[in-house]
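Open the model in your viewer and keep the selection panel at hand. The stops below say what to select next and what is there.

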Amino acid sequence: PVLADALAPAIADALADARIADVEVWLSPTTALDVRVLPWRDGTAVFLRDISPRVAADAMRERLLAAERRAHADAERGRLRAERIAALAAALAAARTAPDVAAAILAQGRAVVGADAGTVVRLAPDDPQTLEVLGAAGVDVDGVREWARHPLDPASTGDDVPVARAMRTRAPVLTCGLAETVERFPRMQALAEATGHAAWLAVP
């Protein structure tokens with residue numbers, strides 16, 4: 001049926017226009033025929049040629065080219081990442097104050113991890129149970145001001161945030177998407193929705 005359905009319009013064209021009609025017919029994902037229909041006397045002549053080997057070779061070539069493109073893209077990403085890490089290391093080495101460190105992390109560190117925005121916090125010098133923001137980039141100033149200081153222990157406020165948990169546990173905290181962020185850290189919902197930043201990573 002597949003071959004007959006494909007041949008019908010080709011035969012009609014060949015008869016109507018008295019010309020050669022060519023068509024490729026796929027019998028299966030890996031089997032293809034090159035069909036040529038020629039006007040012949042009071043009818044048509046049909047020639048079939050199995051082009052499956054050529055099709056397979058073309059598919060293999062496309063897979064190899066795609067693999068080569070992926071390898072090139074991976075190598076380029078690796079090169080850019082190495083450059084960004086080197087730039088971050090140089091900026092940190094040149095930092096002399098805590099705000100300098102924050103500025104270096106925000107300028108170069110965000111690029112290393114591909115973050116849209118970032119904040120740098122520390123334990124407040126006047127209260128080791130409070131976190132304070134040293135610097136921020138890619139976020140609204142008012143939003144940062146609201147979070148300028150935050151308790152390290154959620155027991156004092158009844159809620160928790162990723163950076164506070166990361167500081168307490170001394171381990172990275174990652175949320176992948178708004179649903180997970182809100183489920184684990186309900187207080188983050190308003191901030192996440194306002195900024196459009198659904199996934200969060202906090203590193204101590």
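**Stop 1: Leu152 and its core**

Select Leu152 in this predicted model. Leaving aside residues up to four places away in sequence, Leu152 touches Leu123, Pro128, Gln129, Thr130, Leu131, Ala164, Met167 and Arg168.

Now extend the selection to the largest nonpolar core, which has 11 residues: Leu131, Trp147, Leu152, Val161, Ala164, Ala166, Met167, Val173, Phe185, Met188 and Ala202. Which helix gives the most to this core? Colour residues 162–169, which are helix 5; this helix supplies 3 residues.

Another core lies apart from that one and has 9 residues. To find it, select Ala10, Ala14, Leu33 and Val35, which are among its members.

**Stop 2: helix 2**

Next, select residues 52–94, the 43 residues of helix 2. The C-alpha atoms at its two ends are 63 Å apart. At 1.5 Å a residue the helix should span 63 Å, so the distance agrees with the expected span.

Within helix 2, pick out Ser52, Val55, Ala66 and Leu88, which are buried. What do the buried residues of helix 2 pack against? Show strand 1 (21–28), strand 2 (31–40), strand 3 (43–50) and helix 3 (98–113): these are the elements they pack against.

**Stop 3: a nonpolar patch on the surface**

Finally, switch to a surface view and select Val113, Leu174, Leu201 and Val203, which make a nonpolar surface patch of about 390 Å². Val203 is in the segment after strand 8 (200–202). Is Val203 buried or exposed? Its relative accessible area is 57%, above the 50% cut-off, so Val203 counts as exposed.

Definitions and conventions: Residues are numbered from 1 along each chain as its sequence is written. This is a predicted model: local features need pLDDT of at least 70, side-chain atom pairs count only at pLDDT 80 or more; totals for chains, interfaces and linings use all residues. Side-chain values use heavy atoms; hydrogens and water are left out. Helices (H or I, at least four residues) and strands (E, at least two) are DSSP runs, numbered from the N terminus. The expected span of a helix is 1.5 Å times one less than its number of residues. Buried means under 20% relative accessible area, exposed over 50%, partly exposed in between (1.4 Å probe, protein chains only). Contact means heavy atoms within 4.5 Å. Patches are made of residues with over 30% relative accessible area and no salt bridge: like charges are joined within 9 Å, nonpolar side chains (Val, Leu, Ile, Met, Phe, Trp, Tyr) within 5 Å. Accessible areas come from the Shrake-Rupley method with a 1.4 Å probe; for residues, only the protein chains shown count as cover. A salt bridge is a side-chain nitrogen of Lys or Arg within 4 Å of a carboxyl oxygen of Asp or Glu. A nonpolar core is a set of buried Ala, Val, Leu, Ile, Met, Phe, Trp, Tyr and Cys residues joined through side-chain atoms within 4.5 Å.
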